[in-house]
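I opened my notebook and went through this structure piece by piece. Here is what I looked up, in the order I got to it.

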Amino acid sequence: MTESGCHNAGQTCWSCPAVEFKGHVDFRACGQAAFRKAAQGQLVVECQRRPEIGYFDPNSITFESCSEWQETPDGYLLKDMRVLILGMDGYLGWPMALKLAKQGCRVLGIDNLMRRELVAERGADSITPIGSMAERVAAAREKLGVEIEFREMDLLDRPALAALLEEFQPESIVQFAEIPSAPYSMADVERAVNTVQNNVVGTLGLLFAVRDHAPDASIIKLGTMGEYGSPLTGRPLFEGLFPGDAVLQYQGQEWSLGGELTPRDPVSFYHVSKVQGTFSVYEACKYWWLRSYDVMQGVIYGNSSAELDLDPSLNTRFDIDEWWGTVVNRFVAQAVIGMPLTIYGSGSQKRGYITLRDAMQCITRLIAAPPEPGQYDVVNQVTDVFSVREIAQMVATIAREFDLEVEVQRIENPRVESEEHPYEVIHEKLADRFGFESESAFADEVRHLFRVLLQPEVKARILKQRDTLFPKTKWSGEHGDLEVLETWKPAA
Ligand SMILES: NC(=O)c1ccc[n+]([C@@H]2O[C@H](COP(=O)([O-])OP(=O)(O)OC[C@H]3O[C@@H](n4cnc5c(N)ncnc54)[C@H](O)[C@@H]3O)[C@@H](O)[C@H]2O)c1
């Protein structure tokens, strides 16, 4: 056990992006969960931050013992670590920038501001007002005393990306810059193509650019739990890769599955694009010794973090319409304006969930403990599994604390999905290997949301876009209104 107890205290220069490997690296992670290090003495490294040390054995210095790594609440972080956030104007990108800047990282973010346009296209807007990026950066300076750099840029602009990596030399890259909506991707061919092109090509171009201009950077790639689907067999949703002792039995023979990618069964064209992203990252780590954590993230809800809560000028965006809102956020908004909470189909569909605050902690902990070169690993980033019906019941119960009587409504399911299915998510790595401890429970987060959404200005913004809340996009491609099947008042 190390002195500090931090999850990454015992990591060595093997994982440090400041280090350049000088010798012959005789291992290839091959994307397998378990991989070998070269035997001691076979290779030496040089530290770009501490050139005075000269060449040394990468196993000889731990993060805890290195003067460049400093203890923070989320583990040791490289001093002034250069973190590039792709998609910084988004729901997750902005709170991530604030948190990392506050922890002492040097944060640079890009965004092409597409999310703002796409939400407007649906006739909606963030219900908590957000400033322009220039205003948010100024607010971060004023309220938090941090400098965040923002550049308006499209991730698909490959020459600009190459120049940016060359100039900034990120030590960690967080890839949020994707179009994250399942219903948007199912609305019509143009939107499906836009989603797939943006997400698949963006990540692919990023991988080549990292290979050529910042190969030591660790890549935190956002995937989604929706990549796995919900297998009717009840097979557990392992963390991306089969555990070492998994076997395939077929016709009397047995094969090991250990370390192989687990099956994917994406549930929309958006999720298909995320699966392709997973394979691109997995292969790039194998071909070029890039290093990445692929984060299979559950559905996020909430709008709170230590930094966001300081002042409304630091708000992150918060969407509630059919395309861009996620279920818990949408239910609270519906409850606030007296609209029934809309459950699709039976409401027995189960998914993994995590609060925004917890998600930010998880990603920070991953940034703090980079994978070794060539290592591709996956974490399932969820804290709870709920059915949609359970969420409606819990939101309705909490709404009563705010004197709101809520109805729940079952409507025809616009999606093509199994409504009754087992759902066993394995989510152990973040707690076991990265020291993650949840800081926010469902009820507290939802109470916080009610307090924010009941503010007259915010409530007025929800009412203004009331029509965007009820779903219209059908996976089947058919048009026409969805039928209301049942409406009831949940028991106390
Ligand atoms: N929010 C969730 O519940 C959730 C759940 C699972 C996974 N994810 C994943 O997390 C990531 C971030 O999600 P989010 O909710 O913050 O989405 P978001 O849309 O709010 O943020 C993404 C940002 O990236 C920008 N962007 C998109 N394409 C770009 C491009 N080509 N160039 C530059 N900028 C671009 C958008 O303008 C937007 O500001 C996504 O990859 C998403 O798939 C989100």
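**Entry 1: Cys13**

I started with Cys13 and asked how accessible it is. Cys13 has a relative accessibility of 7%, so I put it down as buried, since the cut-off for that word is under 20%. I should say right away that I'm working from a predicted model. Cys13 sits in the segment before β1, the strand at 19-21. Next I wanted to know which residues Cys13 touches, leaving out those up to four places away in sequence. My list came to Val19, Phe21, Val45, Phe56, Pro58 and Ile61. I also checked a far-off partner: the C-alpha atoms of Cys13 and Glu478 are separated by 56 Å, and the two residues are 465 apart along the chain.

**Entry 2: the seven-strand sheet**

Then I turned to a sheet. In what order do the seven strands of this open sheet run? I read off β7-β6-β5-β8-β9-β12-β16, with parallel pairing. At the edges I found β7 (148-152) and β16 (376-381), each of which pairs on one side only. From one strand to the next, the twist averages 20°.

I zoomed in on one pair of neighbours. Strand β8 (residues 172-175) pairs with strand β9 (residues 218-224) in the parallel sense, over four bridges. Within that pair, I saw Ser172 standing opposite Ser218 of β9.

Which helix did I find packing on this sheet? I noted α1 (residues 93-102), which touches β5 (82-86), β6 (106-111) and β7. The direction of α1 makes about 170° with that of β5.

**Entry 3: the three-strand sheet**

I looked at another open sheet, this one of three strands in the order β14-β18-β19, and its pairing is mixed. Its edge strands are β14 (341-344) and β19 (484-488), and each of them pairs on one side only. Here the twist averages 25° from one strand to the next.

I followed β14 to its partner. β14 and β18 (residues 408-411) pair in the parallel sense over four bridges, and Tyr344 stands opposite Ile411 in β18. A helix packs on this sheet too: α10 (residues 388-400) touches β14, β18 and β19. I wrote down about 170° between the direction of α10 and that of β14.

**Entry 4: salt bridges**

Side chains of opposite charge can pair when their charged atoms come close. How many salt bridges turn up in the whole structure? I got 32.

I picked Asp89 and Arg136 to begin with, where the closest N and O atoms are 2.6 Å apart. Asp89 lies in the loop between β5 and α1 and Arg136 lies in helix α3, so this pair ties together parts that are 47 residues apart in sequence. Are they buried or exposed? Both Asp89 and Arg136 are buried.

My next pair was Glu412 and Lys474, whose side chains meet at 3.9 Å, N to O. This one links distant parts of the chain, 62 residues apart: Glu412 is in the loop between β18 and α11 (429-434), and Lys474 is in the loop between α13 (456-464) and β19. Glu412 counts as partly exposed at 27% relative accessibility, whereas Lys474 is buried at 9%.

I also checked Asp212 and Arg211, with their closest N and O atoms 2.8 Å apart. Asp212 is partly exposed at 44% relative accessibility, and Arg211 is partly exposed at 32%.

Last in this entry, I found a network of salt bridges. It links Arg49, Glu68, Lys79, Arg82 and Glu171.

**Entry 5: Arg122**

I wondered whereabouts Arg122 sits, and found it in the loop between α2 (114-121) and α3 (133-144). Is Arg122 buried or exposed? Its relative accessible area is 14%, so I logged Arg122 as buried. Setting aside neighbours within four places in sequence, I found Arg122 in contact with Asp321, Glu322, Trp323, Trp324, Thr468, Phe470 and Lys472.

**Entry 6: a nonpolar patch**

I finished on the surface. Val196, Phe269 and Val272 make a nonpolar patch of about 220 Å² there. I looked closer at Val272, which is in helix α7 (residues 269-288). At 36% relative accessibility, Val272 goes down in my notes as partly exposed.

Key. Residues numbered from 1 in each chain as written. Predicted model: local features only at pLDDT ≥ 70, side-chain atom pairs only at ≥ 80, totals over all residues. Heavy atoms only, no water. Pairing = 2+ DSSP bridges. Helix = DSSP H or I, 4+ residues; strand = E, 2+ residues; numbered from the N terminus. Axes fitted to C-alpha atoms, helices over the stretch in contact; angles between N-to-C directions. Contact = heavy atoms within 4.5 Å. Patch = residues over 30% accessible without salt bridge, like charges linked within 9 Å, V, L, I, M, F, W, Y side chains within 5 Å. Areas by Shrake-Rupley, 256 points an atom, 1.4 Å probe, with all protein chains shown as cover. Salt bridge = Lys/Arg side-chain N within 4 Å of Asp/Glu carboxyl O. Buried < 20%, exposed > 50% of the residue type's maximum accessible area, 1.4 Å probe, protein only.
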